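The questions below go through a protein model one feature at a time, and each answer closes on the value or name that was asked for.

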Amino acid sequence: MQQGIPRVCGIDEAGRGPWAGPVVAAAVVLDPACIPEGLHDSKALSAARREALFEPIMRSALVGVGIADVGRIDRDNILAATLWAMQQAVQQIDGVDLALVDGNRAPRLACETRTVVGGDGRVLSIAAASIIAKVTRDRIMDNHDAAYPDYGFARHKGYGTAQHRAALLRHGPSPLHRRSFAPVAALLTR
């Protein structure tokens with residue numbers, strides 16, 4: 001914004017590493033006159049703090065969310081699915097002039113795009129996007145926990161914990177499991 005670029009969008013994702021569930025990307029254009037206090041990398045915030053920031057971001061910013069489901073992840077691979085979700089998120093916001101993407105890989109967008117390694121800890125709009133993506137994905141996994149209670153998705157959100165591994169061994173993969181991921185694929189070949 002200091003360089004005269006009016007609409008700067010931060011982009012981040014949540015859920016690249018889990019064995020189950022979608023990958024969620026968010027794009028956020030902050031209103032410079034109304035930036036919520038306490039924005040930071042979602043991984044550095046408690047779940048309660050992320051939840052507390054979610055609504056203020058949604059009220060004061062332009063927000064887009066893209067969700068790549070397990071079918072897309074298994075079909076295209078996790079990186080391609082993540083970049084697709086990022087594209088979907090940005091397409092929900094009109095008139096983005098510059099997109100700042102956390103990490104070192106960027107989706108193809110209609111606007112200028114720059115990657116920022118560690119951006120979720122350095123750029124407020126990326127930090128806001130990381131919070132929106134993480135809270136959205138956590139809520140999805142909490143909802144899936146009700147449909148698949150044997151797996152404990154509300155506790156580990158699909159990540160590879162010892163509890164999740166034990167549930168996979170006991171119950172086999174659910175429809176939410178990423179069959180292209182090594183721990184799940186290994187179980188399927190048994």
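Q: How many of the 7 residues of strand 2 are buried?
A: This is a predicted model, in which local features need pLDDT of at least 70, side-chain atom pairs count only at pLDDT 80 or more, and totals for chains, interfaces and linings use all residues. Residues are numbered from 1 along each chain as its sequence is written, and side-chain values use heavy atoms, with hydrogens and water left out. Strands (E, at least two residues) and helices (H or I, at least four) are DSSP runs numbered from the N terminus, and buried means under 20% relative accessible area, exposed over 50% and partly exposed in between, with a 1.4 Å probe and protein chains only. Strand 2 is largely enclosed by the rest of the structure, because the number of its residues that are buried is 7 of the 7.

Q: Which residues of strand 2 point the other way from Val-23, Ala-25, Ala-27 and Val-29?
A: In a regular strand the side chains alternate between the two faces of the sheet. In strand 2, Val-23, Ala-25, Ala-27 and Val-29 point one way, and both sets of residues are buried. Those that point the other way are Val-24, Ala-26 and Val-28.

Q: What is the order of the strands in the open sheet?
A: Two strands pair if DSSP finds at least two bridges between them. Strand 1 and strand 2 run antiparallel and are joined by 5 bridges, with Ala-27 as the bridge partner of Ile-11, while strand 2 and strand 3 pair in the antiparallel sense over 7 bridges, with Gly-66 as the partner of Ala-25. Strand 1 (residues 8-14) also pairs with strand 4 (residues 98-102), here in the parallel sense over 4 bridges. The pairing of the 5 strands is therefore mixed, and their order is 3-2-1-4-5.

Q: Which strands are the edge strands, each pairing on one side only?
A: The open sheet of 5 strands has the order 3-2-1-4-5. The edge strands are strand 3 (62-68) and strand 5 (112-116).

Q: Which residues are joined into one network by salt bridges that share partners?
A: A salt bridge is a side-chain nitrogen of Lys or Arg within 4 Å of a carboxyl oxygen of Asp or Glu, and the structure holds 9 of them. Lys-43 meets Asp-41 at 3.2 Å, N to O, and Lys-43 also meets Asp-120 at 2.8 Å, N to O; the latter pair links distant parts of the chain, 77 residues apart. Asp-41 is buried at a relative accessible area of 12% and Asp-120 at 7%, whereas Lys-43 is exposed at 64%. The residues of this network are Asp-41, Lys-43 and Asp-120.

Q: Which element gives the largest share of the lining of the second largest pocket?
A: A pocket is an open set of points on a 1 Å grid over the protein atoms alone, with protein on both sides within 12 Å along at least five of seven lines, and lining residues have an atom within 4 Å of a point. The lining of the second largest pocket includes Lys-43, Asp-120 and Lys-134. The elements that give two or more residues to this lining are strand 1 and helix 4 (124-147). The largest share, 3 residues, comes from strand 1.

Key: 1 Å grid on protein atoms, 1.4 Å probe; cavity = no way out; pocket = protein on both sides within 12 Å on 5 of 7 lines; lining within 4 Å.
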